[in-house]
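Trainee: I am new to this structure. Could you pick a single part and take me through it closely?

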Amino acid sequence: MKIFTAEQIYAADRFTIEKQQITSDVLMERAATQIYEWMNSRLQGAQVKIHLFCGIGNNGGDGVALARQLHENGYSIEVYVVNYSDKRSKDFLLNLDRLKERKLWPEFLDSGCDFPELGRKDIIVDAVFGIGLNRNPDAWVLKLINYLNTSSAFILSIDIPSGLFMERVPENRDDIIRANHVLSFQAPKLSFFLPQTGIYINQWELLDIGLDDEYLFKTETVYELIGKPEVLPMYMPRLKFSHKGNYGHSFIIGGSYGKIGAVQLAAKACLEIGSGLLTTYVPECGYIPMQTSLPEAMVIVDDEDEKITTINFDLKPTVVGIGMGMGTHKITIKAFSEFLKTNTAPLVIDADGLNILSGTPELLNRLPNQTVLTPHPKELERLLGKWRDDFDKLDRAKAFSKKYDCILIIKGAHTIVIYNGKGYVNSTGNPGMATAGSGDVLAGMITGLIAQGYNSLDASVFGVYLHGLSGDLSVSESGYEAVTASKLIDNIGKAFLELFRRPEQEQHIEEKN
Ligand SMILES: NC(=O)C1=CN([C@@H]2O[C@H](COP(=O)(O)OP(=O)(O)OC[C@H]3O[C@@H](n4cnc5c(N)ncnc54)[C@H](O)[C@@H]3O)[C@@H](O)[C@H]2O)[C@H](O)CC1
Ligand SMILES: [K+]
């Protein structure tokens with residue numbers, strides 16, 4: 001699903017208005033109707049007090065139009081105009097008049113006024129600012145935002161929590177509405193998915209206001225939200241007349257004394273996701289653990305017991321995954337550097353492999369095209385340098401990925417795969433996955449997909465999605481706290497099955513027929 005910028009959304013509005021031969025207030029009315037229906041289907045006429053805080057732009061206009069619809073249907077409402085500017089939008093004014101025609105007089109809030117009393121069981125509709133916020137709100141508006149946040153009422157934000165910008169992070173944490181639920185129009189907003197801005201949103205949902213399909217389809221976006229519809233076409237079915245040689249030979253290099261487990265996890269995940277063959281390369285101390293824990297894998301050992309000192313092997317891997325638990329000893333760096341001189345196989349680099357790259361950046365020039373890098377936030381910072389905010393982080397990541405022609409996977413609550421100027425925002429996963437070894441599993445999964453013939457970008461996007469889905473399945477089995485990296489691996493198979501599971505209702509209808 002595409003993630004549009006504010007400019008693209010405004011352009012979609014103009015395009016839709018032109019093509020459907022409607023006036024702009026029709027779109028506002030559609031927006032308000034959608035929200036009304038959402039609320040009505042949940043409230044079913046309940047006489048809970050609904051306080052609508054409406055700005056003077058079109059977000060406020062949505063709020064005022066919604067107030068009218070709620071009132072017409074018997075809901076108990078109180079409307080406040082947050083009078084932060086005298087530049088009121090045309091459609092806001094039109095809807096304000098419609099409200100007044102019905103003898104509904106909103107209370108105007110200005111600087112210096114007292115804020116209304118709010119009950120614990122009331123509902124707040126936040127329609128103060130939408131996607132048009134372009135500078136810091138005045139101090140008194142920030143005070144109001146703070147006041148709403150400290151009330152215990154349920155906050156429903158229209159389109160985007162007020163105070164949240166579309167393309168930058170607000171300076172102060174208290175300056176944004178903390179929404180219990182956001183009803184956003186047509187497409188999700190990038191800020192919903194970034195750690196510094198996503199924290200203001202508990203849940204979000206999309207409402208279709210009928211923006212023109214042709215515009216939405218044809219318009220290229222930098223960011224895309226990756227869900228089932230995006231990954232299903234990537235899936236490469238296994239063929240009846242195939243053998244293990246058709247699914248690639250993965251080579252996983254890593255481990256050091258005390259960190260052989262990282263290789264075990266990556267290797268197991270790599271096999272579980274379908275790699276045809278797998279060889280691991282570990283220091284000698286890893287030989288017995290590897291052979292006993294993973295009989296399916298072949299093992300080559302380094303001459304040294306505790307760390308990797310040379311990477312000598314006599315096989316032609318389809319793909320190499322390197323770095324998990326490898327350490328950054330001088331001699332290991334040398335071995336890694338020598339390996340990069342001769343390697344031609346596609347690469348997935350994780351953990352200490354990334355730390356070595358950030359400490360010896362000249363090695364970045366030796367990476368094959370489309371090498372996959374899987375840094376966690378600290379490793380990413382070592383690669384990119386300190387970023388100003390999450391939006392700056394994404395810009396730096398795009399520039400880095402372009403410079404070295406690599407695929408950068410920014411791991412987090414919503415992992416983002418960066419390549420070729422684009423960002424693929426993952427929609428699966430949960431906080432239970434913030435656990436030791438989770439990254440090793442991801443690196444192993446991506447390696448195993450490349451082995452089977454997925455190109456490195458598809459393997460990254462699909463791998464990240466399946467990894468998150470395995471995490472979601474693990475949570476449904478054991479709760480957040482008990483999710484471990486091993487459980488993620490155990491659920492890779494179920495994640496594939498889940499991809500092809502049809503909604504129960506659909507199955508039921510089919511059975512009846
Ligand atoms: N296609 C859609 O998604 C539709 C969305 N709708 C709603 O319209 C808003 C966007 O409306 P817009 O008027 O452009 O922006 P805002 O309501 O956010 O109003 C901001 C308004 O005020 C000015 N401004 C910006 N920052 C400040 C500030 N700090 N202090 C004072 N004034 C400020 C700015 O110039 C704007 O004029 C969208 O979110 C939806 O809710 C439509 O209803 C239908 C189509
Ligand atoms: K809002």
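Mentor: Gladly, and a definition comes first: two residues are in contact if their C-beta atoms, placed from the backbone, lie within 7 Å. This is a predicted model, where local features need pLDDT of at least 70, side-chain atom pairs count only at pLDDT 80 or more, and totals for chains, interfaces and linings use all residues. Residues are numbered from 1 along each chain as its sequence is written, while chains are lettered from A and ligands numbered from 1 in the order in which they are written.

The protein has 19 helices and 18 strands, taken as DSSP runs numbered from the N terminus (helices are H or I, at least four residues; strands are E, at least two). Let us look at helix α11, residues 330-342. Its 13 residues should span 18 Å (1.5 Å times one less than the number of residues), and the end C-alpha atoms are 19 Å apart, which agrees.

In α11, T332, I333, A335, F336, F339 and L340 are buried; that label takes 20 or more other C-beta atoms within 10 Å of a residue's own, exposed takes 12 or fewer, and partly exposed lies in between, with C-beta atoms placed from the backbone. Seen down the axis, these buried residues fall within an arc of 160° (taken from the directions from the helix axis to the C-beta atoms), so they line one face of α11. An α-helix has 3.6 residues a turn, so residues three or four places apart point the same way. The face turned away from the buried side of α11 carries the exposed residues K330, K341 and T342. Helix α12 (352-359) is included in what covers the buried residues of α11. Across the protein, buried residues make up 46% of the 513 residues.
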